[in-house]
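Here's a walk through one protein model, taking in its strands, its rings and its empty spaces. Have the structure open while you read.

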Amino acid sequence: MPAERTLHVGEPVDAAWGELPEATRVRRAGDGGSGATGESAPDAGPERLVVRLRDGGARDDGARDDGGASGQSGGGPANADLAAGDGAVAIDGLPALCDRYPDAEVLAYTVDDAPDAAIDASRLGVEYVSGRRLAADGETLADRIGGRSGDRIGDPGRDAGGESALEPFIRIVSDRATDIGGKLDALLELGRDRLGLSIGYSSRVDGDRLELRRYSDGTGVLDSLAESDLDDDGSIPLELTYCQRTVRSDDVVAFTDPEAAGLEGDPAYEAFGFGSYVGGRVVVDGETYGTLCFLDPERRDRPFDESERLFVELLADWLGRAIERRIAREEREAAVERFEETLERIDDAFFALDDDWRFTYVNEKAAALLDRDPDELLGADVWGEFPAAIGEEYETNYRRAMETQEPASFESYYEPLDLWTEVTAYPSPDGLSVFFADATERKRRERVLERLLGTVEELQRTDSREAVADRLIGAADEVLGHEISGVRLYDPEDDRLRLVATSDGLGERFADSRGPRRPGEGFTGRVFERGEPRVEEDIAAAGDDRPYHGMRSVAAVPLGDHGVFIVGAVEPDAFDESDVSVLELLAANAVAAMDAADRRRRLRTYEDALKNVDDMVCVLDGDGAVTYATGPFVAWVGADDLGDVVGERLAALVDGDDAPRVADAVAALADAGAEAGGAPGAARTVDLTADRDGDRRPRHAELRLSRLSDHGGGVVGSLSDTTDLRRTRTELSTERDRFRRLFDRLPDPVMEVLLEADETVIDGVNPAFETQFGADEAALRGRTIDALDIRDDRLGDREERGDVGTTDLDSLVRERGFATEEIRRQTVEGPREFLFRGFSYETEGSRRAFGIYTDITDRKRRERYVRIVNRILRHNLRNELNVVFGFAGEIADRTDDDRIREFAERIEATGKRLSGVAEGATTLRRLVEEARGTAPAPGP
């Protein structure tokens, strides 16, 4: 074998700088120990070993080698030097090669600059060079190998004392206890010592200005410059510095003779006259950030060699990367802060759980609703903190969401906190994101409304004022939750308001101390007299020395002309506006029920009277003349006795306005009898009005005329007095008008219909309905519900429930008597979402129903908005966490300290769990995109 023998490991580079010495044996990565010549004998130890490393310092497992302990171990399989990609050796294969050829001088290189590879090579005492540097210097690998002697032997980064300059560099940059500023100060000191120069500094370049950021100055020149020559913003013109050349160059700029370097007449040289300079460009995110430079007033006695240039380039590259990391960290921290601020600002409560059901985040709104300190919940098990949720809808839905990885939305009640919640949970493989809102007040209103509707139905079935009063007592407890109540009814005979119904317990004791009172007397008397509701927030402050038996606040509403409804509480300020509104609704329905009971009572009286209506009878001949009449009939037509009416035509006995109709009816019956041969025929009815002198008001009657069979065309007439009936009908119409006013003033759209046997007929809509849906009540009244030409789409899963329209809601109301559905309807402002509540009720001779639409569009939009915000936050958080994962891995690979590596791995693991919080938004994007075409558009 030749005395000097060179072995190249890896695929040679086809470039001018990649020229190798003659007779160099090539061992390609993956040859498994055989050379290019096909030799099977083991390698004889070469004198020189040239190793091509992967660019970027990539390891065999694809990770980056950032100076961790693995790069120094020399472990791994015997053929680790052959584990490579793209014809190059992985960085973690270099120690095995050094161990395999311990007597060889080793030169490692990469095609492009790779500071990580340079650091690892330096640790092993291996010379490193990049192809870019060789090309820039006009050298080849053969030149570099052939020129290794004297001061080029071994590590070019070693100083005169034999210590590698990279070793203190690595110690400095690996110090986790020092920030970037402290590290940079130490590196400037290291550079001054390594290069033998008195000044080192880093700068920030912005356009044509240079700002000194940090410096180490053994001469005091920069201190003087900072005090006298810097502008107000702390910068100087770039042209007055040697850095102007550095920022325009891709390589390190270095000189020890300014005139020889062409700087004669240069503004920087003329201004300061520094004799030696070496500086590198600091690049951050692909853009020039500034420079890292070393200089001296005196000219150095020797030029800067390649190792010194590479050392400065290494420092500048580290500074750029460190600044990138700091910027990324600041942006990440800002993003996390924005994320947390956003979660705190949203209206809904929010918390996040990991896959072990531990809290990882709780916003202030959630903590307040859960009555906990958010810091105390972090890391705690949700089932341990809220055991009452186990086995309830919360646990069922949360676990189902995690198992199916599908969002879950539900409403549930948590008894220990007396809290109703609307919950939407978004799962991910690593945990659950839960948005929830306090639905307690809404559920209370819904319960009040449901109980109110039930009470109204019961009130409509009562048959007396006293029964209505008893039902009001029960409603005060059932609907409002107040156990103290009473009803005073007005007795017109003695002009007194009497307690006719009270609640048990305190209500009874209170009633025992209260007698009848006149209108205008006392609290309830004034309410009755003024016809307006009144609330006494604290009756103890009245100071009237009357016993109230522990009752502190009271609310009273008038019951029209019937009396007063009173509700009390043992605490002050117990009644708010919503309570008073409910009391007024109860009172309005109670008044209607009492009026109806009075009308029914009067009608029963009228019915008893009408049983004797046959006593008012007359018999007519074929010409319509009276042949017989009963006494009551005679009296009704205003005659004194029978003789006054017999022989007179019936048409002459009634008022002139009614006479033509009576004559026509008699004639029609006579003609019909002649044609039918005397057989009985249909009856004729004529309404009569009698307005005679002495009568206080007109009297009304219904005359029913029928033909008498086999009596020569005679007619029999029966007269029924309908005066009271008409008066009752008028009263009913008045009450109907009162109800109509209440109906018209409701803020929600309401429709009233008649439920006939085969169809539903519109009986009316209120102004809110006309405004909301562009309807015309006059045009709709009496028409079937199909005339609305509307489509009510239920919200929810359409595949399971199907598209349903108005007829389906109509069927629900008919079959069940009520319906509550969330629907989407077209309005004058576009599609809107409503909570539809319909209920039916029975009236005399007919069945009716109300349909109430409550607009819930804004609430639905708010839910969609929270979901979209979740998607945006997830996207931003995922991007930022990727940076966390990258740098955590880099720290783990760089460090020699097992504890530091463990901390880095824990950072990465924690970041991944946090990333899981955002993964629950994956389904959100799909839901939003699918709903985009159907979601209600905002109104104009």
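Before we get to the hairpin, a quick word on terms: two strands count as paired if DSSP finds at least two bridges between them. Bear in mind too that this is a predicted model.

**The sheet**

With that settled, take E32 and E33: a hairpin joins these strands through two residues. E32 covers residues 818-827 and E33 residues 830-843, and the two pair in the antiparallel sense over 10 bridges. Within that pairing, Ala-819 stands opposite Gly-838 in E33.

Zooming out, the hairpin strands belong to an open sheet of six, ordered E30-E29-E34-E33-E32-E31, with antiparallel pairing. At the edges stand E30 (760-765) and E31 (793-794), each with a single partner strand, so one side of each has no neighbour in the sheet. Here's how three of the pairings look, each with a pair of residues that face one another.

| Strand pair | Bridges | Opposite residues |
|---|---|---|
| E29 (750-755) and E30 | five, antiparallel | Glu-752 and Gly-764 |
| E31 and E32 | two, antiparallel | Arg-794 and Ile-823 |
| E32 and E33 | 10, antiparallel | Ala-819 and Gly-838 |

**The rings**

Now for the aromatics. How many aromatic pairs does a search of the whole structure find? It turns up 28 of them. Take Trp-383 and Tyr-398: their ring centres are 6.2 Å apart and their planes meet at 40°, so the pair is tilted. Trp-383 sits in helix H13 (residues 382-385) and Tyr-398 in helix H14 (residues 393-404), so this pair ties together parts that are 15 residues apart in sequence. Are Trp-383 and Tyr-398 buried or exposed? Both are buried.

That pair isn't on its own, either. Trp-383 and Tyr-398 belong to one aromatic cluster, whose other members include Phe-351, Trp-357, Phe-386, Tyr-394 and Phe-436.

Two arginines also deserve a look. The charged end of Arg-204 sits over the ring of Tyr-289, 4.3 Å from its centre. Arg-699 does likewise with Trp-636, its charged end lying 5.0 Å from the ring centre.

**The empty spaces**

Searching the whole structure gives 10 cavities of 30 Å³ or more. The largest cavity holds about 200 Å³ of space. Which residues come closest to its centre? Of the 15 that line it, they are Phe-351, Leu-370, Phe-386, Tyr-394 and Tyr-398. Several of those names should ring a bell: Phe-351, Phe-386, Tyr-394 and Tyr-398 are also in the aromatic cluster.

H13, H14 and strand E17 (419-428) are the elements that give two or more residues to this lining. E17 gives the most, with three residues. By class, the lining has 14 nonpolar residues, one polar and no charged ones.

The second largest pocket is another story. About 760 Å³ of space lies in it. Among its 25 lining residues, Arg-176, Lys-183, Arg-325, Arg-329 and Ile-891 are the closest to the centre. Four helices each supply at least two residues of the lining: H6 (180-195), H10 (306-345), H28 (857-894) and H29 (898-919). What classes do the residues of this lining divide into? They split into 12 nonpolar, three polar and 10 charged.

Conventions. Residues numbered from 1 in each chain as written. Predicted model: local features only at pLDDT ≥ 70, side-chain atom pairs only at ≥ 80, totals over all residues. Heavy atoms only, no water. Phe/Tyr/Trp six-rings, centres within 6.5 Å; stacked < 30°, edge-to-face > 60°. Buried < 20%, exposed > 50% of the residue type's maximum accessible area, 1.4 Å probe, protein only. Lys NZ or Arg CZ within 6 Å of the ring centre and 35° of its normal. 1 Å grid on protein atoms, 1.4 Å probe; cavity = no way out; pocket = protein on both sides within 12 Å on 5 of 7 lines; lining within 4 Å. Points joined across faces, edges and corners; volume = space filled by probe spheres on them. Nonpolar A, V, L, I, M, F, W, Y, C, P; charged D, E, K, R; others polar.
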